[in-house]
Protein chains: 2
Amino acid sequence: LSKKATHERTRHYNSQLVLRTIYESGQISRAQIARVTRLTRPTVSDVVSDWMTQGLVEEVGLAPSGGGRRPILLSVVDNARYLIGLDLGREDFRGALINLRGVIQHRVNLPLMDGDGDAALALVYNLVDALMQSADSPLLGIGIGTPGLVDAENGIVYEAVNLNWHQIPLRHLLQERYNLPVYMANDCQAAAFGEYTFGSGDSSKDLVVIQVGWGVGAGIVHDGMLLHGNPYGAGEIGHISVVEPGELCQCGKSGCLETISNTRAILRQVRAAASALSVPLPVPPERLTFDMVQALFDGGDVAVRQVVQDVGRALGAAAAYLVGVLGGCRILIAGRVTGFGACLLDAIRTEVAQRTLPALAENTEIGFVSLGADIALRGTSALLLHHELGLF
Amino acid sequence: LSKKATHERTRHYNSQLVLRTIYESGQISRAQIARVTRLTRPTVSDVVSDWMTQGLVEEVGLAPSGGGRRPILLSVVDNARYLIGLDLGREDFRGALINLRGVIQHRVNLPLMDGDGDAALALVYNLVDALMQSADSPLLGIGIGTPGLVDAENGIVYEAVNLNWHQIPLRHLLQERYNLPVYMANDCQAAAFGEYTFGSGDSSKDLVVIQVGWGVGAGIVHDGMLLHGNPYGAGEIGHISVVEPGELCQCGKSGCLETISNTRAILRQVRAAASALSVPLPVPPERLTFDMVQALFDGGDVAVRQVVQDVGRALGAAAAYLVGVLGGCRILIAGRVTGFGACLLDAIRTEVAQRTLPALAENTEIGFVSLGADIALRGTSALLLHHELGLF
């Protein structure tokens, strides 16, 4: 590198280091920043002044006296920038304006209504347009979690069957249209990065978030970084075989995890058990909803409980394969199945214990994510904050 | 960081950068190093002079004239240091003196003869003692590939059932005894890092090496780094369930990959097929060797071919799980089963195609490693060269 390039890189690095330090401490003085970062006082003052000019940092008061003059405290201005987050992994497309703390400030949901291909793409534009109109702070960029195989590096949705998208250069399309940086990931990967960044729990271990919804997929955070695959497909556990012979899957194979453990499969299994339910279904079987299944479960229905245990065993088999590849890790379940609580977790844990070496099972944590339905949305904001501002 | 610490870190970084540049170019002049690294000429000269004093770099002649004075060419002195590599993942313990190019200069093999626990540890000392006596260059350190669950960061063999080792602080023991840096990995992980470093093929993808021997295990290289697990157990696929119900495994579960695909299981299956073989076994079934199985296979025996296909299908199931977790990747098989050639690979490929999404199967390469039986030994040297000298 030339002296100038090195200098610019150092400046960029120091600038992000100072912002991260202020961000993580809540409130901190320039002198404390210098102590923590080991940068010189003049460097810290320069960098802070830059961030203040850009409006991302402000002076918020005076620290208690330590004997001499009371130092000025600095803080990040949480709403100085907004991020646009999109979660396309649901039956309605969800978008949000999110602040620098990953807190959602404004939402727009647009129903997909069986639209796909160009119609789905138009809906993405509508969502971003609507969010931009509501933004009263400058925008930092757009983060997207989309179902399917996502080539994050090149910004391409390689294949999203539900949306009938094939090799859509989504990043390029949005960057051209909105002139903002765009980051993408598979929706389960976004969820995992959201949980890693904003969730609670031990972050030193590899984190796997298994999201159970319309489909089933996992996101894996290793060493603070998302595994994307080469160039896509990491965590695509929905089509791992867990039963032989099993039901035919949408993908053309049979016995896939999704044939047992996605929300449609759960509804199908409860319908099939209709005659064994403790109370008659309140609607014709084809109109059964997940809320009704949850209500039956909450009422202690034995047949529904049995279905939940089967779902847990299938998830447990997949979890055991994850442990076989990654070693002991934290495996957290996300999605509506979290309503099945200990019944589901116990079935998963039992299966993992039966299918992995004891030393690895002992070293594996199985639980639920700490974030709710916004997990993927918040994850997209974490991707943006990480790549654009060097946070986390 | 203090100014002094930053300065030292920069110096260390530059020093390794220059050495890596010389190492990778074969022969290069100081001026070329400065161009490639963008370091100043005086910095390059200083660093080169340091390496020459330490004997790792030498002047080897003059480059062709580019008009003016012919520049002096520098080269790494391949035998300036030796590394001790140990592969404890076989029925005999293997050790080698390896030079800075990862080329084996001297070998010592010591038979384990059913020894375990302290006896196995004593054998490790004997191996290192013997290698040290043969070394006519200074030693850079010791690299070890050991079976079982290896906590590489803390240098502890957490559990190696075959050796009856439980929580052995192997790094500490060897560092105390020999006063040399020690790096450890599971033997399959060492093999994967060896193939990644010294093997041929596309190194941009995640690399998985599945080693089939006494046990079956995988090593995974992601983004140029070995996955170790948290803190161990990455790639422990030998105990993934691939058949239900299957044979009882040593680990207490049944249907594990090892019950079909390790060398003992292969011998067992050929013995069980003895009556169907094209020629009678030359020895009583209990004395059947892997060489005999190979000879039968090479002679076109249909029953042995059938066993090989079963072995391939089981490996293919495990490979499909790897693809489900990592996405498309390079999966290379190592060990004596490589002698079964296309018959084995075809069975693996067919199973992977049947068990993964087409877009991921297309993106996955299945083949054999390019290195031979020394793969793990050379891998331990790669670990040392990487961590001690910043190479690769």
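Start by selecting strand β7 of chain B, residues 139-146: five bridges join β7(B) to β11(B), and the two strands run parallel. Keep in mind as you look around that this is a predicted model.

**Stop 1: along the strand pair**

Now pick out B:T146. Which residue stands opposite B:T146 in β11(B)? Select B:N186, and you have found the partner. A little background helps here: strands of a sheet pair through backbone hydrogen bonds, either parallel or antiparallel.

**Stop 2: the whole sheet**

Widen your selection to take in β6, β5, β4, β7 and β11 of chain B. In that order they make an open sheet of five strands, with mixed pairing. Which strands sit at the edges? Colour β6 (104-111) and β11 (182-186) of chain B, since these are the edge strands, and each of them pairs on one side only. Turn the view to look along the sheet, and you can follow a twist that averages 15 degrees from one strand to the next.

**Stop 3: a helix across the sheet**

Next, select helix α6 of chain B, residues 187-198. This helix lies across β4 (82-87), β7 and β11 of chain B. Compare its direction with that of β11(B): α6(B) runs at about 105 degrees to that strand.

**Stop 4: where the chains meet**

Time to show chain A as well. How many residues of chain B are in contact with chain A? There are 45, and they touch 45 residues of chain A. Together the two chains bury about 3400 Å² between them, with 55% of that on carbon and sulfur atoms.

Across this interface there are two salt bridges. To see one of them, select B:E244 and A:R355, whose closest N and O atoms are 3.1 Å apart. The interface also has 17 residue pairs in polar contact.

Which elements of chain B give two or more residues to the side that touches chain A? Highlight β9 (156-160), β13 (216-222), α10 (302-326), α11 (341-355) and α12 (358-361) of chain B. Of these, α10(B) gives the most, with six residues.

**Stop 5: the symmetry**

Finally, zoom out until both chains fit in view. Chain B can be laid on chain A with an RMSD of 0.1 Å, by a turn of 180 degrees and a shift of 0.0 Å along the axis. The two copies are thus related as by a two-fold rotation axis. To find where the axis passes, select B:Y321: among the residues of chain B, its C-alpha comes closest to the axis, at 3.2 Å.

Why do the copies meet through the same surface? Because 100% of the interface residues of chain B are also interface residues in chain A.

Technical notes
Residues numbered from 1 in each chain as written. Chains lettered and ligands numbered in written order. Predicted model: local features only at pLDDT ≥ 70, side-chain atom pairs only at ≥ 80, totals over all residues. Heavy atoms only, no water. Least-squares fit on C-alpha atoms with pLDDT ≥ 70 in both. Contact = heavy atoms within 4.5 Å. Pairing = 2+ DSSP bridges. Helix = DSSP H or I, 4+ residues; strand = E, 2+ residues; numbered from the N terminus. Axes fitted to C-alpha atoms, helices over the stretch in contact; angles between N-to-C directions. Buried area = accessible area lost by both parts, 1.4 Å probe. Salt bridge = Lys/Arg side-chain N within 4 Å of Asp/Glu carboxyl O. Polar contact = N/O pair within 3.5 Å; in protein donor to acceptor, adjacent residues only side chain to side chain.
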